[in-house]
Amino acid sequence: MGGCALDLAETWSSCCDGCFPRVPGIYNQEQIDAWKKVVDAVHAKGAIFFCQLWHVGRASHQVYQPGGAAPISSTDKPISSRWRILMPDGSYGKYPTPRRVATSEIPEIVEQYRQAAVNAIKAGFDGIEIHGAHGYLIDQFLKDGINDRTDEYGGSLSNRCRFLLEVTRAVVSAIGADRVAVRVSPAIDHLDAYDSNPLQLGLAVVDRLNALQQEAGRLAYLHVTQPRYTAYGQTESGQHGSAEEESRMMRALCGAYRGTFMCSGGYTRELGVEAVESGDADLVSFGRLFIANPDLVERFRRDAPLNRYVRKTFYTPDPVVGYTDYPFLGQPKARM
């Protein structure tokens, strides 16, 4: 199964998603038509293709916003100075103070998620994944380390889960539950996305998604990232529990969720096999390894050596160097 992260509304993007330059969108007909070509090519190879809908919220900068406006969030607290945002010229800048979105504006944002999902299906995607993880907008509502609202979208667990559930319900009503997936990361502190009780938060999300499935049908899957997903096998701050603690959390969430459970976060072939065999997950997602190994499934099947990924080219605009020049098994190495 393939996937891509796309912007969902013009009001959230000029040339990019608000976090990285040149991220593609899914909010107008020109983009829908362009994506049809990509989706058709993926389907021609026999693959399933999901579109991840991504709103970065406060993880943005005025330079990426229409009219130079402040990015929106659940809060008016900026991301701390330990994090930096990639600017259009390749330098890194400071995250600005966001604008706390008004309660009255939230239905419009929910509607734009719904329309983006409809657009993705029109483009031919098999389904969509709602990105509610990694410190981006939905996560900014979920985490009590960020969300300091006093309206019906802040405070209690039920209130903090409300935005995610409203988005999910709207998207499900538009394209059907079996085409909708949700991604969350209760234990990830990326971009200051802390929560005082990650397991409680994760179980609260699971409980509400289970209830939604009783009403609307089973979702495609729930995707949960665990802390070791970052560059060096740990969260950026280095603060997370032991492997056994992480495993217990994933097992608890997987056991509570009534549906297909996917996990990700720094998995190797061996860790992925262990997660499935031990009941921690039904599916394991790979990102960086797939970028560097277009034939990753076959390499895993043979337990063959893997290409090493080159992190500095992950977000390159170069049309050749980056995503398409890693060799398949049996091909000479083209990289240094």
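# A guided tour from the cavity outward

The largest cavity in this predicted model has a volume of about 30 Å³. The structure holds one cavity of 30 Å³ or more, and the tour begins there.

**First selection: the cavity lining.** Select V184, P186, G202, V205, V206, L222, V224 and L253, the residues that line the largest cavity. Two elements, α5 (198-216) and β9 (221-225), each give two or more residues to this lining. Colour α5 separately, since the largest share of the lining, three residues, comes from that helix. What is the chemical character of the lining of the largest cavity, in nonpolar, polar and charged residues? Seven of its residues are nonpolar, one is polar and none is charged. The polar one is G202, because glycine is counted in the polar class here.

**Second selection: H134.** Move next to the loop between β7 (127-132) and α3 (137-142), where H134 is found. The backbone deserves attention at this point: H134 has a positive phi of about 60 degrees, although it is not a glycine. Is H134 buried or exposed? With a relative accessible area of 7%, H134 is buried, because that value falls under the 20% limit for the buried class. A surface display can be switched on here to view the residue in its surroundings.

**Third selection: D303.** Continue to the segment after α9 (296-302), which contains D303. This residue is also other than glycine and has a positive phi, near 55 degrees. How accessible is D303? Its relative accessibility is 47%, and D303 therefore counts as partly exposed, since the partly exposed class lies between 20% and 50%.

**Final selection: the whole chain.** Now select the entire protein chain and display it as a cartoon. Its secondary structure comes to nine helices and 11 strands; α5 and β9, visited at the cavity, are among the elements. How much of the chain is buried? Of the 336 residues in the protein chain, 51% are buried.

Contacts may be displayed next. Taking those between residues at least 6 apart in sequence, 68% join residues at least 24 apart. To end, show the molecular surface: the protein chain exposes about 15300 Å², and carbon and sulfur atoms supply 53% of that area.

Terms used: Residues are numbered from 1 along each chain as its sequence is written. This is a predicted model: local features need pLDDT of at least 70, side-chain atom pairs count only at pLDDT 80 or more; totals for chains, interfaces and linings use all residues. Side-chain values use heavy atoms; hydrogens and water are left out. On a 1 Å grid over the protein atoms alone, a cavity is a set of points where a 1.4 Å probe fits but cannot get out, and a pocket is an open set with protein on both sides within 12 Å along at least five of seven lines; lining residues have an atom within 4 Å of a point. Grid points are joined across faces, edges and corners, and a volume is the space filled by probe spheres set on the points. Helices (H or I, at least four residues) and strands (E, at least two) are DSSP runs, numbered from the N terminus. Buried means under 20% relative accessible area, exposed over 50%, partly exposed in between (1.4 Å probe, protein chains only). Contact means heavy atoms within 4.5 Å. Accessible areas come from the Shrake-Rupley method with a 1.4 Å probe; for residues, only the protein chains shown count as cover.
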